[in-house]
Amino acid sequence: MALILVIEDEPDLVLGLRRNLEAEGFRVLHALDGAHGLELAIKETPDCVILDWMLPKLDGLEVCRRLRAAGRRVPVLMLTARGQEVVKVVGLEVGADDYVVKPFGVRELVARVKALLRRATGGVVRAEKLQVGAWEIDCARFEARRGAESRSLSRYEVELLALLARRPGEAVGRQEILNQVWGMDASPTDRTIDNYVVKLRRTLEEDPKRPRYLLTVHGIGYKLVP
Ligand code: CA
């Protein structure tokens, strides 16, 4: 039975999450501040961490950063506040795997947790190596390398690239990307994909504003050009 660690300082939200996650058959641990959360995340080796951004003692970004610095690859789902577009990206930059914006539907959150767990236990990503321009993507290590330079990628970034790379030059629709990568029946207007594409372009493209490899196909989705 998967163990979920909830790090959140709003007791009502913790209660609601615990109830819903337990109803889905998960075991749930919780911490009400960042310092205790980090301690539990390292000591109890949960299968997934639900991590609020605004927390007493240590904020969620710092918890995530330290968790990654300690070499822990546990999937982290960040909870962010509405209107914090930059923060979403920052959350991903510190090594979180996904985020949901408050207020969120508990069913959506549970779906995201399940998708993260599916991926963590041998989902789509295999020991593949992809080439994007001068960058070599090591899917198993969540890393992009170019000569001596290396940049880390999140789980979803790697999965998105892997999906597009399987059909080079072909446009892949937004709904299919959401289904295949996020494992959910989300609305195709979901901004999630765009945020990940922006981040990937910043990592892999010489000029992120005029991408050469990761291209938008208007009205359809995205494609990866070899
Ligand atoms: Ca909070």
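Asp9 is partly exposed, with a relative accessible area of 30%, and in this predicted model Asp9 is one of the residues that coordinate a calcium ion. Around that site sits a protein of eight helices and 12 strands, with buried residues making up 49% of its 226 residues. Here's a quick tour, starting at the metal and working through the cores to a few buried residues.

**The calcium site**
- Three residues hold the calcium ion: Asp9 and Asp52 through OD atoms, and Met54 through its O atom, at 2.1 to 2.3 Å.
- Read along the chain, the donors follow the spacing D-x42-D-x1-M.
- That brings distant parts of the chain together: Asp9 comes from the loop between β1 (3-7) and α1 (11-23), while Met54 comes from the loop between β3 (48-52) and α3 (60-69), 45 residues apart.
- Met54 has a relative accessible area of 54%, so Met54 counts as exposed, whereas Asp9 at 30% is partly exposed.

**Overall packing**
- Take the contacts between residues at least 6 apart in sequence: 56% of them join residues at least 24 apart.
- The protein exposes about 10700 Å², and carbon and sulfur atoms supply 51% of that area.

**The nonpolar cores**
- As background, nonpolar side chains in soluble globular proteins tend to be buried together.
- The largest nonpolar core here has 48 residues, and Ile50, Ile137 and Ile177 have the most contacts inside it.
- Helix α6 gives the most to this core, with seven residues.
- Domain 1 (3-121) and domain 2 (129-224) each supply at least three residues to this core.
- What does Ile50 touch, leaving aside its neighbours within four places in sequence? Its contacts are Ile4, Leu5, Val6, Ile7, Leu17, Leu21, Leu77, Leu79, Leu109 and Val113.
- Apart from the largest core lies another one, of 21 residues, with Leu5, Ala41, Cys64 and Val74 among them.

**Helix α6 and its link to Lys199**
- Helix α6 (residues 155-165) is largely enclosed by the rest of the structure, because 10 of its 11 residues are buried.
- Its buried residues include nonpolar ones such as Val158, Leu160 and Leu161, but also Arg155, Glu157 and Glu159.
- Glu157 has a partner in Lys199: their side chains make a polar contact of 3.4 Å.
- Lys199 belongs to helix α8 (residues 192-204).
- Is Lys199 buried or exposed? Its relative accessibility is 8%, so Lys199 counts as buried.

**Lys102 and its two glutamates**
- Lys102 lies in strand β5 (residues 98-102).
- Its relative accessible area is 16%, under the 20% cut-off, so Lys102 is buried too.
- Which side chains does Lys102 meet through polar contacts? Glu8 is one of them, at 3.1 Å, and Glu10 is another, at 3.0 Å.

**Pro75**
- Pro75 lies in the loop between α3 and β4 (76-81).
- Despite that loop position, Pro75 is buried, with a relative accessible area of 3%.
- Pro75 and Ser154 are 79 residues apart along the chain, yet 9.7 Å separates their C-alpha atoms.

How values were computed. Residues are numbered from 1 along each chain as its sequence is written. This is a predicted model: local features need pLDDT of at least 70, side-chain atom pairs count only at pLDDT 80 or more; totals for chains, interfaces and linings use all residues. Side-chain values use heavy atoms; hydrogens and water are left out. Donors are N, O and S atoms within 2.8 Å of the metal (3.2 Å for Na, K and Ca); water is not among the atoms, so sites may look incomplete. Helices (H or I, at least four residues) and strands (E, at least two) are DSSP runs, numbered from the N terminus. Buried means under 20% relative accessible area, exposed over 50%, partly exposed in between (1.4 Å probe, protein chains only). A polar contact is a pair of N or O atoms within 3.5 Å; within protein, one must be able to donate a hydrogen and the other to accept it, and residues adjacent in sequence count only if both atoms are side-chain atoms. Contact means heavy atoms within 4.5 Å. Accessible areas come from the Shrake-Rupley method with a 1.4 Å probe; for residues, only the protein chains shown count as cover. A nonpolar core is a set of buried Ala, Val, Leu, Ile, Met, Phe, Trp, Tyr and Cys residues joined through side-chain atoms within 4.5 Å. Domain bounds come from an automatic or database domain assignment.
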